[in-house]
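User: Please take a close look at one part of this model, the one packed into the middle of your notes, and tell me how it fits with its surroundings. A connected walk-through would suit me best.

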Amino acid sequence: MSPLPLAGLRVLLGVSGGIAAYKAAELVRRLRDAGAEVRVVLTANAARFVTALTFQALSGHPVRTSLWDESAEAAMGHIELARWADEILIAPASADLLARLAHGHADDLLGTLVLASAAPVSVAPAMNRQMWANAATRANLDLLAARGVRVLGPAAGSQACGETGEGRLLEVDDLVARLVAARGPRMLDGVRVLVSAGPTYEDIDPVRFIGNRSSGRMGFAIAEAAVAAGATVTLVAGPVALATPLGVTRVDVRSACEMRDAVLGAAPAHDVFISAAAVGDYRPAQASASKLKKTGQSRTLELVQNPDILAELGQSAARPLLVGFAAETDELERHAREKLELKGLDLIAANQVGERLGFECADNALLLLWPGGREPLAQADKRVLATALVARVAERLHARGGQSR
Ligand code: PMT
C-alpha cells in the first residue's frame, strides 16, 4: 500500500474571515485523510463565520483564536505552535489577511505565527473578483510570492456575492492535491523559462496599426504553469489586457522588432524559450509621423518583412530549448512540421486557428510535434493545456540532461 501523501506532516491551518471559511471544515478532514496532523487557528473574523468547536471536533485538538488566551499560552504557546508546524496553510486567505501578511503584521495570533515560524507558508485566496483583481491585492501577492509564499488558486466561477469570476476558494480536493504537489520536487525547479505572448502591433501612423487577434491567454497560461512547476519565468508580452501571473517578471513590448530585441536580449539567461506570441510577419515600410488623411482615392501600403525571432534563435549556437507554436487554418500537421524543421525547434505546438478557434477563446487544442514524434492534446482550457505542455517541455529538457545548452 502506498504511503499517504501527507503522512506525519504537521499542518497549521489558518482560517481567515470570509464566506468560504465553512469549506475549511471539510479541508481539515481531507488533510487528515491524507495523513496530516492538523491544528487550527481562526482569526477573529473567521470565528464570526464558523465556530471553534467545529474545528476542534474535526481536528481532534483545541482551536486557537487569540494571542491572549491564557490557558492555551500555558499549554502550547504561540511560539511552540509556530515551531510545531511543518507547514502553514491559510485557507481561505482573505484580501485583508494577505495585506497583513505582506506587511508583516503581528497584531493577531495568525500573523504572529506566520512571522515566528520557519515552516513554508501556502495561502489559498478567496474573495470577490474585484478584490482579487485590485492592484493592491496583486501587489501584496507579488510581495508574498517573492518571499516564497506559495499561492494556491484561486479558482474561477460563481461567487457567494452573486458575481462570476476569479476569486473562489479552490475545491478542497484540488487544494490538498496542490499542497501535495507543491511540497514535492517540481519539474522545473531551478530552470529559467522565457515565454512570449500576445500579438504585436505594427504602427501605420499615430492612430492606426496592423495587429492580430491574439489575446495573450495561451502564453500567459504557460507562464503561470511554468511558475507552478518551479521555474523562474520572464514573460515578454505584446499589447494585451491581462494581469501578470504571480511570480512572473513581465516585459511589455508593442511591435515585432521590440519583441525581437526583448527576446534576443533575454534568451542567453534562459534555459527554455516558449514562443506563444502571434508575431506580425510584416510591418509598414514607413510609419507616418502624422495621421494619414483620407484622399478620396485608394491607397497602397508598402509592407516589409519582420525578423523571425524563433528562426533567429534557432540558428544561434548557445540557444535555449526552443518551443514554437504554429497557428494554422489548414493542413495543420504538414505546415507545423515544416516550421519545426525550418526554424530548428525542439518542439512545436500546433493549433488550428480561425473563427472562434485558437485565438481569443478560453479553450484550445494542441498537436505537439517533435523530430520523430507527435502527441495530440485534446480540447481543454488553455490553463490545462499549458500545464500539460510545460510537463512535456520539462521531460525534453531533462532528457537532454540539464539546463542551458
Ligand atoms: O493569444 P491567444 O488568444 O490565447 O491565442 C493563442 C495563439 C493562437 C496566438 C497561440 O496558441 C499561437 O498559436 N501562437 C503562435 C502564433 C503564430 O504566430 O504562429 P505562426 O505559425 O505564424 O508562427 C510560428 C512560430 O514562430 C510561433 O512560435 C511564433 O511565435 C514564431 N514567430 C513568428 C513570426 C515571427 N516573425 N517571429 C516568430 O518568432
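Analyst: The buried residues of helix 7 (109-116) pack against strand 1, strand 2, helix 5 (78-84), strand 3, helix 6 (95-102) and strand 4. This is a predicted model, where local features need pLDDT of at least 70 and side-chain atom pairs count only at pLDDT 80 or more, while totals for chains, interfaces and linings use all residues. Residues are numbered from 1 along each chain as its sequence is written, and side-chain values use heavy atoms, with hydrogens and water left out.

A few terms will help. Helices (H or I, at least four residues) and strands (E, at least two) are DSSP runs, numbered from the N terminus. Contact means heavy atoms within 4.5 Å. Buried means under 20% relative accessible area, exposed over 50%, and partly exposed in between, with a 1.4 Å probe and protein chains only.

Now to the helix itself. Six of the eight residues of helix 7 are buried, so the helix is largely enclosed by the rest of the structure. Those buried residues are Leu109, Leu110, Gly111, Thr112, Leu113 and Val114. Helix 7 lies across strand 1 (10-15), strand 2, strand 3 (87-93) and strand 4, and runs at about 145° to strand 3. For that angle, axes are lines fitted to C-alpha atoms, for helices over the stretch in contact, and angles run from 0 to 180 degrees between N-to-C directions.

What is the sheet like that helix 7 lies across? Five strands make up an open sheet in the order 2-1-3-4-5, with parallel pairing. Its edges are strand 2 (37-42) and strand 5 (150-151), each of which pairs on one side only. Two strands pair if DSSP finds at least two bridges between them. Strand 4 (residues 121-125) and strand 5 run parallel and are joined by two bridges, and Ser122 stands opposite Arg150 in strand 5.

Strand 3 has a backbone detail to look for. Most residues other than glycine have a negative phi, and most peptide bonds are trans. Pro92 is found in strand 3, and a cis peptide bond with omega of about -5° joins Ala91 to Pro92. A second cis bond links Gly153 to Pro154, with omega near 5°; Pro154 sits in the loop between strand 5 and strand 6.

That loop leads on to a hairpin. Strand 6 (residues 155-158) and strand 7 (residues 164-168) pair in the antiparallel sense over four bridges. Five residues lie between these two strands, and Gly162 in the turn has a positive phi of about 95°. Ser158 has Thr164 as its bridge partner, while Gly157 stands opposite Gly165.

Finally, the ligand. It is surrounded by 28 residues, and the closest are Ser214, Ser215, Ala277, Lys339 and Asn351; here a residue is near a molecule if one of its heavy atoms lies within 4 Å of it. A polar side-chain atom of Lys382 lies 2.7 Å from an oxygen atom of the ligand. Backbone N or O atoms also approach ligand oxygen atoms, with Phe325 at 2.9 Å and Ala327 at 3.1 Å. The protein covers 96% of the 770 Å² of accessible area that the ligand has on its own, where areas come from the Shrake-Rupley method with a 1.4 Å probe.

How values were computed
Polar contact = N/O pair within 3.5 Å; in protein donor to acceptor, adjacent residues only side chain to side chain.
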